[in-house]
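User: I'm new to this protein and would like to understand the terms people use for it. Could you walk me through the reasoning behind them?

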Amino acid sequence: MGSLWEQTWEAPHFEALKKDMKTDVLIIGGGMTGILCALLLHRAGVPYALVEAETVCSGVTKNTTAKITSQHGLIYDRLIRTFGVERAKGYLSANEAALQKYRELCRGIDCDFEEKSSYVYSRSDRRKLEQELAALEKLGFPAEYTEHLPLPFATAGAVCFPRQAQFHPLKFTAAISRGLHIYEHTAVRELIGTTTVTDSGRIAAEKIIVATHFPFLNKHGSYFLKLYQHRSYVLALERAADVDGMYVDEAQDGLSFRNHKNLLLLGGAGRRTGKQGGAEALLPWQRLRDFAGRHYPDSMEKYHWAAQDCMSLDGVPYIGPYSASTSGLYTATGFNKWGMTSAMVSAMILSDLVQGKKNPFSDVFSPSRSILHPQLALNGLEAAAGLLSPTVKRCPHLGCALKWNPQEQSWDCPCHGSRFTEDGKRIDGPATGDLRQ
């Protein structure tokens, strides 16, 4: 199994770190967020280095559906009710700025960049759509209501954001990473203040950006309580429909659609990592294949893959200082399935902060904002259940009991989302090492 993106690009190659070094800024993690941070610092003339434990984009970035949009579900009505109009406007403005930055960077890059309209549809609740449209009107954004959609089932309509975009994320990162100071196969073993210990050298940095998807330092920031991880599944189908846009259900368990060249990307069947659910949830790709068989009977599966996303307590990413008690340490996480624009927002904010500049959007995404949300209790209960479960296989992150995932042949942690192969090799963090045998 491999995503469409990783099977249709030429991966760049970077040497491993083989000596001690000093730099102003160290970036840990070579996914989209880390590479964009490196690019912006490089262009600003700031000394930096990026270290990646494996190879660039070998983690979650390769499994995105690669939608570049400021439309993140029906989020703006909820943001206004939770944070007020000004903060909701800040969230929208930050993501619109990210979209514009992608437009600028993609000019002249062969990365299949296309402007497309983005739609959030509801199967049955037009009232939710109307509330979102009213919220967007308060924010001054020209969203539209669309009644008729090229989807193979009836809907109550959709909220449309015009002039959003989609692209090939790995072709894009291959192009922008040329000439950047990147070290692959350089795993971080320990942080001592702002000195990083790797297997082949120490890196002394004034400031560190942790861009590892799920922050791996447990004693600061309480990310093990503020985050959980969610898996979703994708089929790439030949001889299916051209939907001419990007579509996602407002319900978390709904389906998403978008085209890439002659392929239809059909996504959905999501669930919390480590949660197998009922009988229907046991075969996530089969659920998508059954849907494709009913609605696109002439289609043929070309690729299939799964994505994993960090979910925050309030639907807003955590971007900024790692915690209120740490100095010179920054992070970006909790992208809530909207990793492409959130990665760019992160790079714009963090590249400013490490240079001592004020960023207009930093307060909206501050990791130190209130954690008093209902999801906090659910995350705590899940962690307690995992710690108390009498299972032999334990996650090295915080000791939760692992669950066997028969469809993907992996050991998954329902507490924080770490995943391991059948023989114990790490697949996804926040665990930083393999299972103890």
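Analyst: Happy to help; this is a predicted model, and we can take the overall build, some residue pairs, a helix and a pocket in turn.

User: What makes the protein as compact as a globular protein of that length?

Analyst: Let's start with its parts: the protein has 9 helices and 21 strands. Its radius of gyration is 21 Å, and the globule rule gives 22 Å for 437 residues; the two values are close, so the protein is as compact as a globular protein of that length. Along the principal axes, the C-alpha atoms fill a box of roughly 60 × 50 × 45 Å.

User: How much of the protein is buried, and what share of the contacts join residues at least 24 apart?

Analyst: Buried residues account for 58% of the 437 residues. As for contacts between residues at least 6 apart in sequence, 71% of them link residues at least 24 apart.

User: Why is the pair R103 and E115 called a salt bridge?

Analyst: The cut-off is a side-chain nitrogen of Lys or Arg within 4 Å of a carboxyl oxygen of Asp or Glu. For R103 and E115 the N to O distance is 2.6 Å, so the pair qualifies. R103 belongs to helix α3 (residues 85–106) and E115 to strand β4 (residues 114–121), so this salt bridge ties together parts that are 12 residues apart in sequence. The structure holds 16 salt bridges.

User: How do you know whether R103 and E115 are buried or exposed?

Analyst: Buried means under 20% relative accessible area, and exposed means over 50%. R103 has 12% relative accessibility, so R103 counts as buried. E115, at 36%, falls in between and is therefore partly exposed.

User: What makes K171 and D112 a salt bridge, and which parts does the pair tie together?

Analyst: Their closest N and O atoms are 3.4 Å apart, which is within 4 Å, so the pair passes. K171 sits in helix α5 (residues 169–176) and D112 in the loop between α3 and β4, so the parts tied together are 59 residues apart in sequence. K171 is partly exposed because its relative accessible area is 21%, while D112, at 18%, counts as buried.

User: Why does the pair K425 and D434 count as a salt bridge?

Analyst: The closest N and O atoms of K425 and D434 are 3.7 Å apart, so this pair is also within 4 Å. K425 is partly exposed at 47% relative accessibility, and D434 is partly exposed at 38%. Elsewhere, salt bridges with shared partners join R103, E115 and R163 into one network.

User: What makes helix α5 largely enclosed by the rest of the structure?

Analyst: Of the 8 residues of α5, 6 are buried, so the helix is largely enclosed by the rest of the structure. The buried residues are P169, L170, F172, T173, A174 and I176. They pack against α1 (32–44), α3 and α8 (339–353).

User: What is the volume of the second largest pocket, and which residues line it?

Analyst: Its volume is about 470 Å³. The lining of this pocket has 20 residues, and those closest to the pocket centre are L191, F216, L217, N218 and K219. Strand β8 (residues 188–192) supplies the largest share of the lining, 4 residues.

User: How do the residues of that lining divide into nonpolar, polar and charged?

Analyst: The lining has 8 nonpolar, 9 polar and 3 charged residues.

Key. Residues numbered from 1 in each chain as written. Predicted model: local features only at pLDDT ≥ 70, side-chain atom pairs only at ≥ 80, totals over all residues. Heavy atoms only, no water. Helix = DSSP H or I, 4+ residues; strand = E, 2+ residues; numbered from the N terminus. Buried < 20%, exposed > 50% of the residue type's maximum accessible area, 1.4 Å probe, protein only. 1 Å grid on protein atoms, 1.4 Å probe; cavity = no way out; pocket = protein on both sides within 12 Å on 5 of 7 lines; lining within 4 Å. Points joined across faces, edges and corners; volume = space filled by probe spheres on them. Nonpolar A, V, L, I, M, F, W, Y, C, P; charged D, E, K, R; others polar. Rg over C-alpha atoms; globule rule 2.2 N^0.38 Å. Contact = heavy atoms within 4.5 Å.
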